[in-house]
Amino acid sequence: MLTPRDYDYKLTGTPVGEVRITVLGTAQDGGFPQPGCRKECCNEEPGEALERYPVSLGIVGEDGTYHMIEASRMMGKQFRIWQKEIGVYPSTPTSIILTHTHLGHIDGLGLLGKEVMGAKGVIIHCSKSVNELVENTPAYLELINQGAIKTRIWDQDTAFQPTKDCGFSISPIQVPHRSELSDNHAIIIQGNDKNLLFMPDHDSWTETLNHQTIREWLSDLEIDIALIDGTFWSSDELPHRDMKEIPHPTVQETLERLGRKLDSDPEIFFFHLNHTNPLCYPTSEQSMELQELGWSIANEGDSFRL
Ligand SMILES: [Zn+2]
Ligand SMILES: [Zn+2]
Ligand SMILES: [Zn+2]
């Protein structure tokens, strides 16, 4: 059995010297299928729908260091997806970047502790508000006390490099999203050639955009690849829940705002899919409609070189 230590990235001949990003999760916090759901979406034989894990990215830096965006409880399966894509079993990440503290974005943090990985000094990059929640949650504070993690608070709107020679930088930008536990940031990963936006959660385009259109906003941020909130296809997806309590722009609204993809547009991938979202099924009418307009649905294992 090979362990990450045996399987060092630099010793395997896999090219170091590029930044590789792998999509490790594309579901909303509950995952797909979602526990407790008795409806068709989660109760039928999986058929053509893929299992989906809470949103996460794996990044391998030019220096062979490993970094993740979000800490999901499905890290075990996600490391397998990452391994398939990069050809080696990933090492314990040097750093993890957290956007906010809703369940699926943070609930895997405990896996770094003694009971599982026994990690040492994994840097958790986060906002001041996320750091407060981490320090005030006994189970997470214990990880700090054990030395498994060290939090590092970022400066708002200031790019930083997780390691000196990783070849990419991280720019957090604050976006409105129900903040009962902490604030929320979208993350821009800037590589040598391309910039990627990771924005799984936001409340509404009117609050997020400081431009007239999504296009102008993405262009101003110089985004080449955008992974954006695709939680719900339409507003009638959860008939028994008040959608005002869980606001997200619907994919329908986003498509109306975007229209058809132009040659000059960035690649846009929808993710953070709720279990009720027909985009979970690759051949649904809605998946077809979205792709006919030129846009994409993110899948676990998608990868990008920046
Ligand atoms: Zn979420
Ligand atoms: Zn369901
Ligand atoms: Zn959230």
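The paragraphs below lead through two zinc sites and the nonpolar cores of this predicted model. In this predicted model, local features need pLDDT of at least 70 and side-chain atom pairs count only at pLDDT 80 or more, whereas totals for chains, interfaces and linings use all residues. Residues are numbered from 1 along each chain as its sequence is written, chains are lettered from A and ligands numbered from 1 in the order in which they are written, and side-chain values use heavy atoms, with hydrogens and water left out.

The zinc ion (ligand 1) is held by Asp 29 (OD), His 105 (NE2), Asp 201 (OD) and His 272 (NE2), at 2.1 to 2.5 Å, where donors are N, O and S atoms within 2.8 Å of the metal (3.2 Å for Na, K and Ca), and sites may look incomplete because water is not among the atoms. The angles among the four donor atoms run from 79 to 171°, and the site is irregular; four donors count as tetrahedral if all angles lie between 85 and 135 degrees, four count as square planar and six as octahedral if opposite donors are over 155 degrees apart and all others between 65 and 115, and anything else is irregular. Along the sequence these donor residues follow the spacing D-x75-H-x95-D-x70-H. Asp 29 lies in the loop between β1 (20-25) and α1, and His 272 in the loop between β11 and α9 (285-292), so the pair ties together parts that are 243 residues apart in sequence. Helices (H or I, at least four residues) and strands (E, at least two) are DSSP runs, numbered from the N terminus. Asp 29 is buried, with a relative accessible area of 9%, and His 272 is buried too, at 1%; buried means under 20% relative accessible area, exposed over 50%, and partly exposed in between (1.4 Å probe, protein chains only).

At 3.5 Å from this ion lies the zinc ion (ligand 3), which is coordinated by His 100 (NE2), His 102 (ND1) and His 177 (NE2), at 2.1 to 2.2 Å. Of these donors, His 102 and His 177 are 75 residues apart, and both are buried.

Turning to the nonpolar cores, the largest has 31 residues, of which Leu 197, Phe 270 and Leu 290 touch the most other members; such a core is a set of buried Ala, Val, Leu, Ile, Met, Phe, Trp, Tyr and Cys residues joined through side-chain atoms within 4.5 Å. Among the elements that give two or more residues to this core are β8, β9 (195-199) and α7 (214-220). Apart from it lies another core, of 29 residues, including Tyr 53 and Leu 109.
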